[in-house]
Amino acid sequence: MDSFRIIGGQPLFGQLTISGSKNAALPIIAASLLFKEKVTLTNIPELADIRTMIKLLNILGAETTFENNRLTIDPTDLRSDQAPYELVKTMRASIYVMGPLLATKGHTRVSFPGGCSLGVRPIDIHLKGFEKLGASIEVNGGDIVGKAKYLKGSEINLGFPSVGATCNLIMAAVLAKGITKMKNFAKEPEIWDLVEFLNRSGAKIMRKEEYIEIEGVEALSPIEYSVMPDRIELGTLGAAALITGGEIKLKWQHSDIISSFREKLEDMGHHVHLDEEEGIYTFKAGKMKGNIDVRTLPYPGFPTDLQPLLGVLLSLNKGTSHIHETIFENRFMWVPELERMGADIHKEGESIIINGVKTLQAAPIMASDIRAGASLVLAALAAKGETIIRRIYHIDRGYENLEKKLSSVGAKIFREKI
Ligand code: UD1
């Protein structure tokens with residue numbers, strides 16, 4: 001199994017390019033099942049989760065090629081509508097095939113995802129939405145079986161703005177008969193990338209103030225589409241430079257979609273700036289100051305995916321800070337690992353209180369999920385001594401060439417077999 005060996009204390013300086021967004025690419029790849037022609041996608045990150053989604057499409061019968069971040073998908077000859085347990089258990093986003101399969105085949109059988117390291121994570125909002133669109137849903141032998149003669153437009157109130165449910169239901173509704181109005185939808189930027197791809201391919205999806213309106217169309221005709229850059233990788237690499245006292249420039253061909261994170265970094269005394277014309281985000285370490293309070297929220301609130309990264313920065317900040325997690329249970333799995341490195345953190349329910357310490361010390365530690373893993377890389381980059389991080393397959397699920405990128409800006413990080 002691969003591990004990272006990291007020798008801390010090297011300030012990071014230089015320039016990097018941000019890869020394509022995993023969370024935008026996954027639903028867009030699944031959406032290729034809505035077409036009757038070959039789909040070409042570019043800027044697709046080379047990641048374990050992307051490979052899993054491609055494997056799932058292959059099992060369904062789609063033919064794919066994936067080289068140099070360019071993915072082609074030919075879904076014209078699907079032979080199956082089943083997403084097996086082996087894949088769904090490794091990646092919950094496998095359920096993204098449900099919407100497109102219901103829309104095009106009228107039948108789908110997807111293994112019930114169950115829990116994951118982030119907690120229970122139900123999919124009731126997806127399923128209630130499919131029912132609203134006219135599908136019947138039942139659980140059979142550990143699988144969710146969805147059936148629909150055809151889907152018809154409807155009014156859906158998600159109740160909670162689930163990212164996954166919003167994407168899945170958009171994909172289900174684009175080919176439905178009539179108009180769908182979706183209230184309490186998620187507003188994460190990755191959703192608008194899916195919408196952009198579908199609209200440019202002939203879908204009719206309109207974002208209104210209070211709801212998304214989807215007018216069903218007969219068929220879609222694919223355009224070649226380049227997936228947006230990854231805002232969580234942007235935040236991670238920026239934070240890596242800050243925690244080491246360095247300065248990094250990150251190529252970013254997009255608008256400012258990390259403002260809630262940027263504002264907290266600025267409150268801490270760092271300098272973060274986006275030059276939209278140049279397409280460059282600069283992160284420069286400043287003098288750490290202040291007690292910071294953070295509450296994770298759906299977009300445009302503070303993203304839960306950047307919570308572990310900010311937490312590690314705060315563990316070395318002056319003063320006492322608070323983080324309240326409102327999106328996922330079990331999102332503080334990085335805390336016990338960081339305590340092993342000398343951090344002073346107390347957990348109270350869904351909150352943590354962080355008393356900043358002067359230094360972290362190297363220790364053997366373990367990644368538990370993608371972002372917890374990345375936060376430990378940050379801690380190791382700042383720590384005194386040599387840290388070994390095990391179970392980095394979690395990190396490989398969501399970061400393209402992380403060690404190569406970090407090495408090229410001065411980090412001492414090595415991938416080793418242990
Ligand atoms: C997506 C992202 C993930 C991010 C999260 C929140 C992908 C592949 N993953 O995950 O990186 O952290 O958004 O921004 O894009 N919930 C229900 N019932 C449902 C669906 C969700 O109760 O049917 C709950 C979940 O258990 C969780 C919360 O809603 O507590 C947020 O989930 P959701 O927004 O759906 O996140 P994901 O799409 O799973």
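Biologist: So two strands pair if DSSP finds at least two bridges between them. With that settled, which strand does β19 (residues 320–324) pair with over five bridges?

Modeller: β19 goes with β21 (residues 351–355), in the antiparallel sense. Strands here are DSSP runs of E with at least two residues, helices are runs of H or I with at least four, and both are numbered from the N terminus. Bear in mind that this is a predicted model: local features need pLDDT of at least 70, side-chain atom pairs count only at pLDDT 80 or more, and totals for chains, interfaces and linings use all residues. Residues are numbered from 1 along each chain as its sequence is written, and side-chain values use heavy atoms, with hydrogens and water left out.

Biologist: Fine. Who's the bridge partner of Ile323 in β21?

Modeller: Ile323 is matched with Ile352.

Biologist: And how many bridges are there between β20 and β21?

Modeller: Five, with β20 (residues 344–348) and β21 also antiparallel. One of the bridge partners there is Ile354 in β21, which sits across from Ile345.

Biologist: What about the turn in that hairpin, how many residues are between the strands of β20 and β21?

Modeller: Two residues, and Gly349 takes a positive phi near 65° in that hairpin.

Biologist: Switching sheets. What's the strand order in the open sheet of four?

Modeller: The order is β6-β7-β9-β8, and the pairing is mixed. In general, strands of a sheet pair through backbone hydrogen bonds, either parallel or antiparallel.

Biologist: Which strands stand at the edges?

Modeller: β6 (82–83) and β8 (136–140) do. Each has a single partner strand, so one side of each is left without a neighbour in the sheet.

Biologist: And how do β7 and β9 run?

Modeller: Antiparallel: five bridges join β7 (residues 107–111) to β9 (residues 143–147). If you want a spot to look at, find Arg109, whose bridge partner in β9 is Val145.

Biologist: Okay, rings. How many aromatic pairs does the structure hold?

Modeller: Six. For a pair, the rings of Phe, Tyr or Trp (its six-membered ring) need centres within 6.5 Å; planes under 30 degrees apart count as stacked, over 60 as edge-to-face and the rest as tilted. One of the pairs is Phe35 with Phe197, which is tilted at 5.7 Å centre to centre with 50° between the planes.

Biologist: Why does that pair tie together parts that are far along the chain, 162 residues apart in sequence?

Modeller: Because Phe35 lies in the loop between α1 (22–31) and β3 (39–42), while Phe197 is in helix α7 (residues 189–200).

Biologist: Are Phe35 and Phe197 buried or exposed?

Modeller: Phe35 and Phe197 are both buried, meaning under 20% relative accessible area (exposed is over 50%, partly exposed in between, with a 1.4 Å probe and protein chains only). Ring pairs also bring in Tyr225, giving a cluster of Phe35, Phe197 and Tyr225.

Biologist: What sort of pair do Phe332 and Trp334 make?

Modeller: Their planes are at 65° and the ring centres are 6.4 Å apart, so that one is edge-to-face. Phe332 counts as buried at 5% relative accessibility, and Trp334 is buried at 0%.

Biologist: Back to helix α7 for a sec. Is Glu190 in there buried or exposed?

Modeller: Glu190, which is found in α7, counts as buried at 6% relative accessibility.

Biologist: How far is Glu190 from Ile29 in space?

Modeller: 13 Å, C-alpha to C-alpha, and the two are 161 residues apart in sequence.
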